[in-house]
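Dear colleague,

I am passing on the structure we spoke about, together with some notes on what turned up in it. Please look through the model first and then read on.

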Amino acid sequence: MEFRKRIEELLNDFLETRKDLFLVDLKISAGDDITVILDGDNGVSLQDCLDASRAIEFNMDREEHDFSLQVMSAGLSEPLATPRQFAKNIGRDIDILLNDSSKIEGELAKVDEEKITLILRYRKPKDIGKGKVDVEEEKEIPYSEIKKALVVIKF
């Protein structure tokens, strides 16, 4: 069996036993350095990473195929990549870079398989008279238009 397919199979078998976890990314370099990035509906613990690592490592023969393995959680500085990652961040502010290089920041309100919905809050000049008014609007953004999306970290 091809090396990558075997790793994917072992990882999928592990994730079947842990429905709260999901794969964000799997990278295998030309030198067979394996990097697995996991996320979870309730976060990812160190034990979760150890369990995933063991599920792969204990079922591979290093004599047959030498490799290095690194299993980690998707950190706050990592871009959101899957609808499930977006869904777990509903209610948080996210910063989005679109394919046309424009940027949008707003509160993540809804997520489905094709798009996200942001609540944009800003001030704009009144139509009549002086001063500004607060505006709140919803904007739907298809995943296909998102180049990069990050959770805004507030202290």
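To begin with the surface of this predicted model, L76, I153 and F155 together make up a nonpolar patch, and their combined accessible area is about 420 Å². Of these residues, L76 lies in the loop that runs between β3 (68-73) and α3 (83-87).

Turning to the interior, the largest nonpolar core has 19 residues, among which I7, I34, V36, I56, M60, L69 and V71 touch the most other members. At least two residues of this core come from each of α1 (3-17), β1 (21-28), β2 (33-40), α2 (46-57) and β3, and the greatest contribution is that of α1, which provides six residues.

Further along the chain, UniProt, in an unreviewed entry, places the feature "domain: Ribosome maturation factor RimP C-terminal" at residues 80-155. Over that stretch the chain is 57% strand and 7% helix, with 20 Å between the end C-alpha atoms.

Strand β4 (residues 93-98) has two pairings that you may wish to trace in the model. With strand β5 (residues 103-111) the pairing is antiparallel and extends over five bridges, with I96 standing opposite I104 in β5; β4 and β5 form a hairpin with four residues between them, and in the turn S101 has a positive phi of about 75°. With strand β8 (residues 146-151), β4 again pairs in the antiparallel sense over five bridges, and here I94 stands opposite V151 in β8.

With best wishes

Methods. Residues are numbered from 1 along each chain as its sequence is written. This is a predicted model: local features need pLDDT of at least 70, side-chain atom pairs count only at pLDDT 80 or more; totals for chains, interfaces and linings use all residues. Side-chain values use heavy atoms; hydrogens and water are left out. Patches are made of residues with over 30% relative accessible area and no salt bridge: like charges are joined within 9 Å, nonpolar side chains (Val, Leu, Ile, Met, Phe, Trp, Tyr) within 5 Å. Accessible areas come from the Shrake-Rupley method with a 1.4 Å probe; for residues, only the protein chains shown count as cover. A salt bridge is a side-chain nitrogen of Lys or Arg within 4 Å of a carboxyl oxygen of Asp or Glu. Two strands pair if DSSP finds at least two bridges between them. UniProt positions are given in the numbering used here, feature names are shortened, and annotations may be inferred rather than shown by experiment. A nonpolar core is a set of buried Ala, Val, Leu, Ile, Met, Phe, Trp, Tyr and Cys residues joined through side-chain atoms within 4.5 Å. Buried means under 20% relative accessible area, exposed over 50%, partly exposed in between (1.4 Å probe, protein chains only).
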